[in-house]
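Notebook open, coffee poured. I want to go through this one piece by piece and jot down what I find.

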Amino acid sequence: LISELTRLYLPAGAASPEALAGHMLGNTTLAVKLATDDGLVRAIAIPFRKMSGGDGAQHWSQLCSVANAMQAELGLPAPAVSISGADGYGLWLSFEQPVPAALAQKFLELLGQAYFPDMAIEPDAVRAPVELPPCLNRGSGKWAAFIHPGMGASFADEPGLEMAPPVAGQVAFLEGLHSMSADQLRHAMDVPQQSHVPATPVASAPALERTTDTGSLLLKDATLEDIVRFLHSKNIEPTFRHLIPK
């Protein structure tokens, strides 16, 4: 798991393996920088928090629309999806090679203008430390974790786990993901500055609704069978948080 997190998100020297192990075991919770001291950014985490006055799943629907647009319109690799353990979700984007913080911030702001204009973006958001999943949220006492996108709607009201997620499952959600190349980044920055066509909601594209390939477009919903099939393909036996009453 540390190897996958390093491959995708962590710049060199962000945290020692020992510190990361303690973080993932819940012994401590680190605020990890995705930027280096010399101003290069390896990854971007975009939070989608529960909206005041919105319906319970509005922040999840927005994440789905944004994530699908990033892939369908901008040609970017599939991002990772996480629950925060407290108040919402996160999308995780990574770069094959670290990019200057100013460029990463500009990219984030272009994404915001095109796809989530109602969400405030801090002026130095890409340098802000993040709590990298999986980890224990100290405020809520619940766990942040990477999730299969098809499970996201079930966490709309309670975006955290009662127990630490299985390491093998976390690895399975990350190992098929890829970082964006320099060419992909350049293309993705050009598109929103030209003409933006609003993202088509996943629900209106039936051909995309039931794919379980982590390299494909994200899901808005998946059946229990979809999720179990995906986990079994990774040799993982799933467990679930709730029992369905008879």
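**Confidence first**

I started with residues 240-246, where pLDDT stays under 50 and the model has 7 contacts beyond four places in sequence. This is a predicted model, so I looked up the overall confidence too. The protein averages a pLDDT of 82, and 76% of the residues score at least 70. I then noted another weak stretch, residues 195-216, with pLDDT below 50; beyond near neighbours in sequence, I get 41 contacts for it in the model. Note to self: where pLDDT is low, the predicted coordinates should not be read in detail.

**Nonpolar cores**

Next I asked which residues have the most contacts inside the largest nonpolar core. My list reads Ile44, Ile46, Leu91, Phe95, Phe107 and Leu111, in a core of 44 residues. I then checked which elements supply at least two residues each, and wrote down strand 1 (40-49), helix 3 (58-72), strand 2 (80-83), strand 3, helix 4 (101-115), strand 5 (143-146) and helix 6. Helix 4 gives the most to this core, with 8 residues.

I picked Ile46 for a closer look. Leaving aside neighbours within four places in sequence, I find Ile46 in contact with Met70, Tyr89, Gly90, Leu91, Leu93, Leu108, Leu111, Phe116 and Met119. Apart from this core lies another one, of 20 residues, and I noted Leu20, Ala80, Leu132 and Leu177 among them.

**Cavities**

How many cavities of 30 Å³ or more does a search of the whole structure find? I count 2. I took the second largest, which has a volume of about 70 Å³. Its lining, as I listed it, consists of Leu8, Tyr9, Pro77, Ala78, Pro79, Trp92, Leu93, Ser94, Leu177, His178, Ser179 and Met180. Strand 3 (residues 88-100) provides the largest share of that lining, 3 residues. Sorting the lining by class, I get 9 nonpolar, 3 polar and no charged residues. Two names I had already written down turn up again here: Leu177 and Leu93 both line this cavity, Leu177 is in the 20-residue core, and Leu93 is in contact with Ile46.

**Glu175**

Last stop: Glu175, in the loop between helix 5 (167-174) and helix 6 (182-193). Is Glu175 buried, partly exposed or exposed? I put Glu175 down as partly exposed, because its relative accessibility is 38%, which falls between the 20% and 50% cut-offs. I also looked at Glu175 against Leu5: the two are 170 residues apart along the chain, yet their C-alpha atoms are separated by 9.4 Å.

Notes: Residues numbered from 1 in each chain as written. Predicted model: local features only at pLDDT ≥ 70, side-chain atom pairs only at ≥ 80, totals over all residues. Heavy atoms only, no water. 1 Å grid on protein atoms, 1.4 Å probe; cavity = no way out; pocket = protein on both sides within 12 Å on 5 of 7 lines; lining within 4 Å. Points joined across faces, edges and corners; volume = space filled by probe spheres on them. Helix = DSSP H or I, 4+ residues; strand = E, 2+ residues; numbered from the N terminus. Nonpolar A, V, L, I, M, F, W, Y, C, P; charged D, E, K, R; others polar. pLDDT = per-residue confidence, 0-100. Contact = heavy atoms within 4.5 Å. Buried < 20%, exposed > 50% of the residue type's maximum accessible area, 1.4 Å probe, protein only. Core = buried A, V, L, I, M, F, W, Y, C linked by side-chain atoms within 4.5 Å.
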